[in-house]
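Here's a quick tour for anyone meeting this structure for the first time. Have a look at it, then read on.

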Amino acid sequence: MEFSIYDFTSFTKSLDKLLNENMSSFWATSIEMLLIGVGILAFYALVGLFLVYAERKVCAFIQNRVGPNRVGPYGIIQTIADLFKLLMKELIPIKNADKLLFNIAPFIVIIASFLAIAAIPFAKGLHAIDFNIGIFYVIAVSSMGVIGVLLAGWSSNNKYSLIGAMRSGAQIVSYELSVGLSLITMVIFAGSMQFSVIVEAQRDGWFLFRGHIPAIIAFVVYLIACTAETNRGPFDLAEAESELTAGYHVEYSGIKFAFFFLAEYMNMFIVASIAATVFLGGWMPLHVGGFSGFNHVMDFIPPFFWYIGKTFFIIFIMMLFKWTFPRLRIDQLLTLEWKYLLPINLVNVVLMALIVLNGWHF
Amino acid sequence: MITEENINVGIKEEEFILNMGPQHPSTHGVLRLVCSIKGEIVKNIEPHCGYIHRGIEKMTEKLTYPQIVHLTDRLDYLSALINNEAYCLCVEKALEIEVSDRIKYIRTIMSELTRIASHQLWWCSFGMDLGGLTCFFYGLRDREKILDIFEETCGSRLIISYNTPGGLMADIHPNFQKKVKEFIKYFRKTLPEYDQLLTGNVIMQERCKGVGYISKEDAISYGVTGPSGRGSCFSCDVRKKEPYSAYKFVNFNEVLRCEGDTFARYMVRMDEMRESMNIIEQLIDNIPEGPYAEKMKGVIKLPEGEYYQRVEAARGEFGVYIVSKGEKNPYRVKFRSPNFSNLSALNTMAKNQKIADLIAIGGSLDYVIPDIDR
Amino acid sequence: MGLIKYISGIFKGVWSLLQGMAVTSSYFVRPWTIVTQQYPENRKGNKRGRSKKKLEMFERFRGELVMPHSENNEHKCSACGICEMNCPNGTIEVISKMEVNEEGKKKRALDKYVYHLGMCTFCGLCVKACPSGAICFSQNFEHAVFNRAKLNKILNNEGSKLLKGVE
């Protein structure tokens, strides 16, 4: 079994071969699915915990604070301690709540983000499933989360959570459009919806640079829209702690609350990794056409680190959004989408189509 | 007996009642706002007060005149020194004592420092009400410097009790003037940062401009004073109208804005911080020599009569009304608190606006609940 | 014209947002502007580099009422009770006893100076009113105890006497 940190293709191939030689194909597939499931679950939990810690530290430094620094060196274990606290807390049953929906809602939210992570390429060959409609799949799956939010808000039998859920519904339904359209702009440029093809096409330069003006517009629009879609930053109307105390998850406690919390951070990770993959070349190192020496140096850094670096860069920008801007009002939120982002996006799609047709790109 | 019909008395059809408070992050204390809403739009607001009523006015009737000072701290705790000053001025007025210029100067500087500190805290919480959490920490960071100045001279940070009838508890600390000058230098540098972070922000301007309008007539009839009233063109600065302490020795402008919306109230407060710094700068180097407290009798007895003194607190006009029967305890004390009248205008301002606007308007009124309930 | 206004509005808005981000990110890259004091550590001063400044309260800080005693276990309190009268909350109870001094005269002396910390509002009127300067405020601010009864303190030491010359 050969293993290379630069290319996982041969590793996964040989693993597959090994399993198929020793058992029937049904069992081999089952074991592979189990391995991938456990792997993604572990990755999911780790990244979630790390993101919570990172957010605390980033916002602390922005706000002239130190952030968590008591549990473990530099407070690294703080989020794990918090997780245990949440695990051990009582799950408060709500009188007059719709019990079934109330209990299902956090799972819907977390499953939606869990499904989306399957299609993301982490490195060359490190890819749970490579759909030929990868982008379409991710958009479709990630918009399922809103059902969980709506159910949570409605079934809690609480006025604050109901308002929060209604806001969230209006928000996500409208911002789906912008996310979809800005990704479609890049799909036009790439000519494919398959993530592996999109990443491979950025070997000589990232789409953000190759697609110049329309790509940059699409990138900015995507950043804004995906921040809104993850209910974060200036668009956290569904939670709006100064207006609705905690919005849709006001009645949840313990691990169910932790699910919402974790899903929020994982959604942020997912949209950031899609942005990194589509606009910044995913795991592809920074290459400049013609400079083979420079490209060779860049290739030394393993692709996985490129991917993580780019993703965290975008996550940092989203955190900066959240800790700088005041919250929008619900009508301004919809105005921003329908009067600004959507028209800009539509013009941008046409512009991109023209550029692709005439070959005016790098 | 509670029946289906009994419960719904007074609730119109299709009204959705949302209870904001007594425990709600944006009411800044234990205020309860019963809002009838329709979708996102607030149709009517009914403030319910009294969750932190401590009977301060009644308590004063059992205390001697110097003892009452420490209760005035606990009304509007963010402008504690100004409340102290108002009460002491009222007692001095009754006793017909003219305090020395040194006392007047120090009291004025302390009041203006309190005003800056209070407005800084207002800025933090206003930013936080709008959802910009970082504002909160920047504001508190700078407020800490004023509190350190207070602590060094007065011995306490929030509940200060620095004034006494006839003077001050202690003379200023030798470091006082140096530290105040340092602070003004520092704060003149950081105040533009506030503007950069929040005032200029397009989201904040959209949230505030044209929201929570109150006309000059309404402001006068509701008695909306202070920065909230001056945001609607109501010229009500007691420091200008009836100069007390050292305000007659300084040049300053009354900040007035005529838009009458949340943004106007916001800008009045931001400009008032600058104006307060001007006042302090004019006074800080010229504190005259003199006693820090006038000689008073061991037991203060006010001559029989009624006395009223008003001052400009950080949130508006603060008045103290004392009825004396010539004993060592007052017969009755009434505090005219600015927040109570300001709150009464909330319904006019926030009617037919969104829920999020209600929060912004509440933030711009800057109410302190212990002052409302007393 | 509408289109120009629309587009310039977008750019102005984005510019104002970038201004705010410049402020926050400038603090992010300047960790030395952190103002947090690391409380339990900074009591001892610089420990493991976590806390920069030692925690020192200002000398006028009104932390807790104390009665200073000299080396010979003598205090200045003549049990006159002015502080008790001046206290707005009944925090102070001066319990006196009658004592016969060397000259054979009966004189009032301090038996117990009871201070109810739980009731104190730290207004400072007692210290201001004391004619002999027998009481003052210490800078101790860590009042938390496990039992409410511990908040009732007796300020004069066991067997302490009145300092000579204080009336």
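## Chain A and a contact between neighbours

For a chain of 362 residues, a compact globule would have a radius of gyration near 21 Å, and chain A agrees because its own value is 21 Å. Keep in mind that this is a predicted model.

So what is chain A built from? Its secondary structure comes to 15 helices and zero strands. Measure out the C-alpha trace along its principal axes and you get a span of about 65 × 55 × 45 Å.

How much of chain A is buried? Of the 362 residues, 53% are buried. Take the contacts in chain A between residues at least 6 apart in sequence: 77% of them join residues at least 24 apart. On the outside, chain A exposes about 15,500 Å², with 75% of that coming from carbon and sulfur atoms.

Then there are the charges. Chain A has 22 positive and 23 negative ones, and the mean positions of the two groups lie 8 Å apart.

Now over to chains B and C, which touch each other. Here's who takes part in that contact:

| Chain | Residues in the contact |
|---|---|
| chain B | 33 residues |
| chain C | 25 residues |

Which three residues supply more of the area that chain B buries against chain C than any other three? They are B:Gln67, B:Met169 and B:Gln196, which supply 21% of that area. Between them, chain B and chain C bury about 2,400 Å², and 58% of this is on carbon and sulfur atoms.

Key. Residues are numbered from 1 along each chain as its sequence is written. Chains are lettered from A and ligands numbered from 1 in the order in which they are written. This is a predicted model: local features need pLDDT of at least 70, side-chain atom pairs count only at pLDDT 80 or more; totals for chains, interfaces and linings use all residues. Side-chain values use heavy atoms; hydrogens and water are left out. Helices (H or I, at least four residues) and strands (E, at least two) are DSSP runs, numbered from the N terminus. The radius of gyration is taken over C-alpha atoms; the globule rule is 2.2 Å times the number of residues to the power 0.38. Buried means under 20% relative accessible area, exposed over 50%, partly exposed in between (1.4 Å probe, protein chains only). Contact means heavy atoms within 4.5 Å. Accessible areas come from the Shrake-Rupley method with a 1.4 Å probe; for residues, only the protein chains shown count as cover. Lys and Arg count as positive and Asp and Glu as negative; His and the chain ends are not counted. The place of a charge is taken as NZ of Lys, CZ of Arg, CG of Asp or CD of Glu. Buried area is the accessible area (1.4 Å probe) that two parts lose on being put together, summed over both.
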